[in-house]
Amino acid sequence: MTNPLGGSNAFLPVNIYPPFDVHCDYDGWLMIQRRSSHDALLFNRTHEEYINGFGDLTTSHWLGLEKLYRITSQNITYQLIVAIDTGDDFKTIAKYSHFSVSDSKLGYKLNIGGYSGTASDGLTAANGRSFSTRDLDMDQWVGGNCARKTGGGWWFSDCRTGHPN
């Protein structure tokens, strides 16, 4: 699954077909999302687009909820690192010791915990939340749809919770 030189790889979750392409960074971490300020890719997408993934794996992209489920449903504990590069040679990191995403029947719920790092913890509050998009409101905000308000899908606990989309 990892490529020490970085780059695109075919990934085959154990006993699940068909394989699919992923992109790993230079440290070997699988990149589930990447946003570049140099790219015009919009993240205000439909639920179906977030399920299937979109963008170019080598630049800005979202891997896809179904692929995240297929990867993290294996009998392995996965970690998640959120790296925020401000462009001035400064990077903040939020690391989570366990990360998984449920299947579509459960709304691709986030299972995350064990935060450490230099970035603020923007995901623990979203633990147990289903993925919300502009056309499928799964958040807890009674005043409307957080994905529509913020312009991108995410596991929202409320509309103030940090999200990269």
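A residue counts as buried when its relative accessible area is under 20%. The views below show a predicted model.

**View 1. Trp62 and Trp154 form an edge-to-face pair.** Trp62 has a relative accessibility of 2% and is therefore buried. Trp154 is buried as well, its relative accessible area being 9%. The structure holds 10 aromatic pairs. In the pair shown here, the ring centres of Trp62 and Trp154 are 6.4 Å apart and the planes stand at 65 degrees, so the arrangement is edge-to-face. Trp62 belongs to strand E5 (residues 61-62), whereas Trp154 lies in the segment after helix H3 (146-150), so the pair ties together parts that are 92 residues apart in sequence.

**View 2. Phe131 and Trp155 are paired edge-to-face.** The centres of the two rings, Phe131 and Trp155, are 4.9 Å apart, and their planes meet at 85 degrees, so this pair is edge-to-face. Phe131 is located in the loop between strand E8 (110-117) and H3, and Trp155 in the segment after H3; the pair therefore ties together parts that are 24 residues apart in sequence. Both Phe131 and Trp155 are buried.

**View 3. Ring pairs link seven named aromatic residues into a cluster.** The members are Phe43, Tyr50, Phe54, Trp62, Phe131, Trp154 and Trp155. The cluster thus includes the residues of the two preceding views, Trp62, Trp154, Phe131 and Trp155.

**View 4. Arg45 contacts a ring and a carboxylate partner.** The charged end of Arg45 sits over the ring of Phe54, at 4.3 Å from the ring centre. Arg45 also forms a salt bridge with Glu49, in which the closest N and O atoms are 3.1 Å apart. Side chains of opposite charge can pair when their charged atoms come close. A search of the whole structure finds 1 salt bridge. Arg45 has a relative accessibility of 17% and so counts as buried, whereas Glu49, with a relative accessible area of 27%, is partly exposed.

**View 5. The charged end of Lys149 sits over the ring of Trp141.** The distance from the charged end of Lys149 to the centre of the Trp141 ring is 5.1 Å.

**View 6. Confidence varies among the elements of the protein.** The mean pLDDT of the protein is 86, and 88% of its residues reach 70 or more. Among the elements, helix H1 (residues 47-52) has the highest mean pLDDT, 98, and strand E1 (residues 7-11) the lowest, 53. Over residues 1-6 the pLDDT is below 50, and this stretch has 16 contacts in the model beyond near neighbours in sequence. Where pLDDT is low, the predicted coordinates should not be read in detail.

Note on methods
Residues numbered from 1 in each chain as written. Predicted model: local features only at pLDDT ≥ 70, side-chain atom pairs only at ≥ 80, totals over all residues. Heavy atoms only, no water. Phe/Tyr/Trp six-rings, centres within 6.5 Å; stacked < 30°, edge-to-face > 60°. Helix = DSSP H or I, 4+ residues; strand = E, 2+ residues; numbered from the N terminus. Buried < 20%, exposed > 50% of the residue type's maximum accessible area, 1.4 Å probe, protein only. Lys NZ or Arg CZ within 6 Å of the ring centre and 35° of its normal. Salt bridge = Lys/Arg side-chain N within 4 Å of Asp/Glu carboxyl O. pLDDT = per-residue confidence, 0-100. Contact = heavy atoms within 4.5 Å.
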